[in-house]
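Colleague: I'm new to reading protein structures. Could you walk me through some features, one at a time?

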Amino acid sequence: MLTNHKLRRRLGTCLAGLAAMALVGSMAAAPAQAETTEAAEDSKVLRIATDGFIDSFNPFTSFYLLPTNSFRYMYENLVNNSAEDAQPTEGLATEWDTDSEGKVWTYKMRPDMKWSDDEPLTSKDVAWTYNQMMEKDELSVANGGLVENFDKVEAPDDSTLVITLKNPQSNNPGQEIPVVPEHVWSKIDKPGEFKNDEKSVGSGPFQLESYEANKSVTLKSNPNFWRGEPKVDKIQYRYYTNSDAQVQAIRSGEVDFITGLSPEQFKAIEGADNVETNVGNGRRFQGISINSGVADAKNNEFGTGNEALKDKKVRQAIRAGIDIDTLRDQVLQDYGQPATSFIPSVYEKWALPADNPVVSGFDVEKAKKLLDEAGWKEGSDGIREKDGEKLELRFLTDADATTEQNTAKFLKPWMKDIGIMLKNEASDVDTVSERTTKGDYDMYFSGWSINPDPDYQLGINTCDSRPDADGNGGTSQDGYCSKDFDKLYEQQHVELDEKKRVDLVHQALAQHYEDTASITLWYPSQLEAFRSDRFTGFTKQPTDGGIIANQVGYWGYSSVEPVSAEDASGDGGGLGAGGWIGIAAAAIVVIGGGGFLISRRKKSDDRE
Amino acid sequence: MTTPTHDLPTPAGGPDPGGSDGQTGRDMDEPPKGGSFLGYLLRKLGGALTSMVLVIVLGFFAFRMLPGDPVLKIAKERPMSPAQIAELRSQYGLDKPVIVQFWDYLVGIFSGDFGESYVYRKPVSALIVEYLGPTLLLTATAAVIAITLGLWLGQLSAWRRNSLFDKIASSTSLVFWSVPTFWLGLILLMIFGGTLQWLPTGGMITPGLNPWSFAGIIDVIKHLILPVITMVAVVYAQFLMVMRASLIEEMSEDYLTTARAKGLTEDEVRKNHAVPNALLPTVTVVFMHIGGLIAGAVTVEAVFSWPGLGKLTFEAISGPDLPLLQGTFVVFSAIIIVMNLAADIVYRFLDPRVRRA
């Protein structure tokens with residue numbers, strides 16, 4: 001007979017421990033009230049849900065969205081992007097000028113500025129920062145591309161900065177580079193490895209106060225910020241791995257702001273108490289990239305693209321066969337703006353106007369005519385053929401992206417209508433990226449976020465920027481190459497007269513549209529929500545209908561004000577109820593565990 | 001995401017879900033034949049070591065077969081020059097030949113160095129140590145509750161086989177067991193987090209609270225409740241089923257008739273005679289599944305933003321952060337292998353019928 005006392009004793013101990021734990025759990029109900037008063041002090045802490053990666057808070061090396069967004073708040077740039085329309089506005093510099101060629105840029109600095117540690121901020125700090133990036137490889141990792149055209153940077157006096165470029169450029173070179181304090185950074189041994197994740201010294205509206213990996217990032221307001229100290233004390237990013245949990249968190253009042261919602265999530269939250277929503281016109285485009293014959297910068301072709309797509313008429317036929325308005329309505333539930341080319345309409349000045357003669361709409365007859373002209377004749381099954389070859393195209397999508405899957409569903413029958421057999425190839429995002437690098441596709445769903453100056457995005461549509469099949473050599477939006485486009489790119493790159501430059505940019509975009517290297521579908525809205533019972537005064541960019549998070553600037557949160565205290569109270573009452581769950585769980589365990597323990601005692605007298 | 005915890009074990013032996021050594025026969029009627037305990041131990045140790053070697057090799061090559069170039073992925077949509085990309089490649093050691101990378105990895109592992117994470121720019125071993133604590137807290141709490149609940153309900157179910165209680169207890173547990181963890185977690189999150197607002201919707205502690213203060217501990221417990229309930233609901237069925245099956249098997253044994261003949265009550269027979277014996281195969285299964293539970297934390301941690309190893313792995317996959325993936329893969333596998341080994345040893349200790357053979 002086997003009675004294993006040891007085993008049972010151990011189980012008993014486990015149960016006793018559990019019972020104790022559950023008891024502590026049930027006590028959760030009691031101090032919940034105390035916490036509510038603590039929460040009231042948080043009325044000036046703006047809590048934002050995030051799932052962003054953080055590698056470090058080193059502005060020289062960090063790539064990821066959350067840290068780079070934080071840098072916009074932590075470090076003022078020489079030239080900022082305005083809230084109104086994201087065009088250049090004063091930052092550390094109040095005014096700037098360039099020589100007739102666009103090679104020497106001179107900046108006048110704002111007088112009497114201070115870093116957050118009260119040390120003076122001068123043009124010497126700017127020169128030091130830029131020079132570090134130019135001289136040290138390990139400090140050029142994140143933003144090296146922005147100083148590549150810099151020949152030298154000098155600070156002849158405390159209030160003047162002179163940037164001399166290697167080649168002329170019309171795009172203001174003082175944008176987008178976080179300026180750090182020389183007196184802090186020059187003392188760091190290995191600045192490339194410096195994490196900068198404890199109290200930071202900067203010049204922006206908020207400074208890093210603390211960072212707990214995967215838990216929170218806390219920024220504190222900077223009293224020395226030249227536009228004046230923000231009205232909230234702190235911004236606190238809180239980590240939520242999944243976006244549905246973020247939606248629940250704003251409903252329950254655990255966070256004050258969320259962004260990046262799907263249309264379904266957005267609709268679900270629209271009626272929620274004390275939650276206000278924002279449909280922000282975003283700075284992103286989404287579209288269909290077409291393999292018009294990928295090749296590297298030396299024109300060595302690679303990849304498996306369908307020969308048919310080398311014909312401009314076939315590509316144009318595909319565009320004419322897509323009912324983009326219906327697609328936007330059905331797939332995006334209308335949370336997106338109509339698009340022309342790859343510069344979003346929030347950059348009103350640069351975007352290709354909708355009334356440009358190249359812009360065309362949905363037209364099945366035109367699509368069929370174009371395919372006829374290209375020599376593709378309808379076969380017995382309705383699919384077009386040429387030289388015995390059927391017109392079959394592969395459409396590569398990310399299987400996890402609802403937008404892409406839904407788009408593919410609409411596209412398949414539409415393409416069939418004009419005589420193209422479309423094969424949807426849904427895959428994971430890594431496979432999609434690998435296949436597109438190798439040119440192993442006919443069409444794929446693509447998208448980019450665009451910065452206020454169009455130069456970079458135009459640049460990656462030039463022949464020289466095409467990478468090879470390993471992805472080396474450059475970055476290309478669609479593998480596009482056109483001598484005419486390149487010429488327009490070069491012209492706008494050095495054109496200092498803004499009016500003329502705008503015209504050149506429009507011409508380049510029209511050329512790209514006409515060549516149909518890709519079909520821009522829409523500029524998706526950025527869907528956001530905030531707690532209207534706690535905060536007010538979020539500044540959008542552009543101010544008229546723009547976005548709050550992920551701006552190119554620090555406007556979104558620096559203007560925020562807490563709603564008066566009595567309005568803010570009243571939440572947190574539910575927290576006490578959390579204890580009830582604890583009590584219920586405790587009860588189950590205590591009853592169960594207790595029963596086991598009692599039975600143990602009872603049996604001790606009838607042991608053999 | 002697949003959770004190994006979903007391999008419902010065949011009661012009283014059956015295929016070893018962890019699959020540490022391919023030795024599957026643990027049937028009560030057929031104890032392993034012959035051999036001293038030392039021989040048995042060496043055999044098991046050998047199996048575990050082989051598995052570990054395979055895991056280490058696989059840990060390197062499997063993730064390198066993943067599509068996508070980590071550097072290009074980071075460079076995507078950023079104004080990066082070819083020189084910058086090359087610099088990143090060399091920082092990550094990706095410019096070296098694969099065989100050299102493999103050698104560095106092997107040498108590293110044997111000195112406890114899993115390399116440096118691409119994303120966090122920190123030693124992987126330090127990251128794993130940092131994130132292990134929350135995972136252990138979550139899985140240990142869930143394991144203790146699931147095991148207790150499963151065993152307790154399991155023995156009651158078996159004793160009242162085919163009663164209404166048995167039917168309800170067994171079928172409820174199976175329903176939870178077949179529900180996707182992610183879905184169940186989200187439903188609980190919506191009801192208790194969003195709608196009722198009783199419990200926090202994510203994380204381990206409210207930022208700013210000291211975890212070692214009284215308020216901090218209470219706060220952590222509140223954050224624990226939903227993820228623990230999710231994990232328990234999904235896994236307790238396997239303990240219930242094993243306990244039930246093995247007790248049912250015991251119930252046909254002659255010694256119970258003897259015990260009854262001595263005039264013991266049914267309750268006494270159950271608690272003093274049948275249950276202790278039925279616990280033996282169950283304990284083995286419990287051990288085997290502790291490893292699986294830790295791996296299963298990946299899903300729960302992702303739903304509830306629990307800052308543990310599972311979430312770390314989840315993020316490493318999206319990178320892809322190769323050194324971090326390798327590190328977490330090796331650690332997860334090692335835990336499962338060690339737990340299986342422990343199960344084998346414990347089993348041998350506990351069951352005299354195996355020892356006697």
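Modeller: Sure. First, a helix here is a DSSP run of H or I with at least four residues, and helices are numbered from the N terminus. Keep in mind that this is a predicted model.

Colleague: Okay. Which residue just after α13(A) takes a positive phi?

Modeller: That's G439(A), with a phi of about 75 degrees.

Colleague: And which residues of helix α13 in chain A are buried?

Modeller: "Buried" means under 20% relative accessible area. The helix covers residues 429-437, and its buried residues are D430(A), T431(A), V432(A), R435(A) and T436(A).

Colleague: What covers the buried residues of α13(A)?

Modeller: From chain A, the cover includes β20 (392-398), β21 (421-427) and β22 (443-449). Chain B joins in too, with α2 (70-75).

Colleague: Now a strand, please. Where do the side chains of β5 in chain A point?

Modeller: Look for an alternating pattern along residues 104-109. W105(A), Y107(A) and M109(A) point to one face and are buried, while V104(A), T106(A) and K108(A) point to the other and are not.

Colleague: How do I read the pairing of β4 and β5 in chain A?

Modeller: Two strands count as paired if DSSP finds at least two bridges between them. β4(A), residues 93-98, pairs with β5(A) in the antiparallel sense over five bridges. One pair of bridge partners is A93(A) and M109(A). The hairpin of these strands has five residues between them, and there G102(A) takes a positive phi near 85 degrees.

Colleague: Over how many bridges do β5(A) and β9 of chain A pair?

Modeller: Five, again in the antiparallel sense, with β9(A) spanning residues 160-165. In that strand, L161(A) is the bridge partner of Y107(A), a residue we just met among the buried ones of β5(A).

Colleague: Back to phi. Which value does N214(A) have, and is the residue buried or exposed?

Modeller: N214(A) isn't a glycine, yet its phi is positive, about 65 degrees. You'll find N214(A) in the loop between β10 (206-212) and β11 (216-221) of chain A. With a relative accessible area of 3%, N214(A) is buried.

Colleague: What about D387(A), buried or exposed?

Modeller: Exposed, with a relative accessible area of 75%. D387(A) isn't a glycine either, and its positive phi is about 50 degrees. D387(A) sits in the loop between β18 (384-386) and β19 (389-390) of chain A.

Colleague: Last one: which residues does a cis peptide bond join?

Modeller: Q541(A) and P542(A), where omega is about -5 degrees. P542(A) lies in the loop between β24 (535-536) and α17 (555-558) of chain A.

Methods:
Residues numbered from 1 in each chain as written. Chains lettered and ligands numbered in written order. Predicted model: local features only at pLDDT ≥ 70, side-chain atom pairs only at ≥ 80, totals over all residues. Heavy atoms only, no water. Buried < 20%, exposed > 50% of the residue type's maximum accessible area, 1.4 Å probe, protein only. Helix = DSSP H or I, 4+ residues; strand = E, 2+ residues; numbered from the N terminus. Contact = heavy atoms within 4.5 Å.
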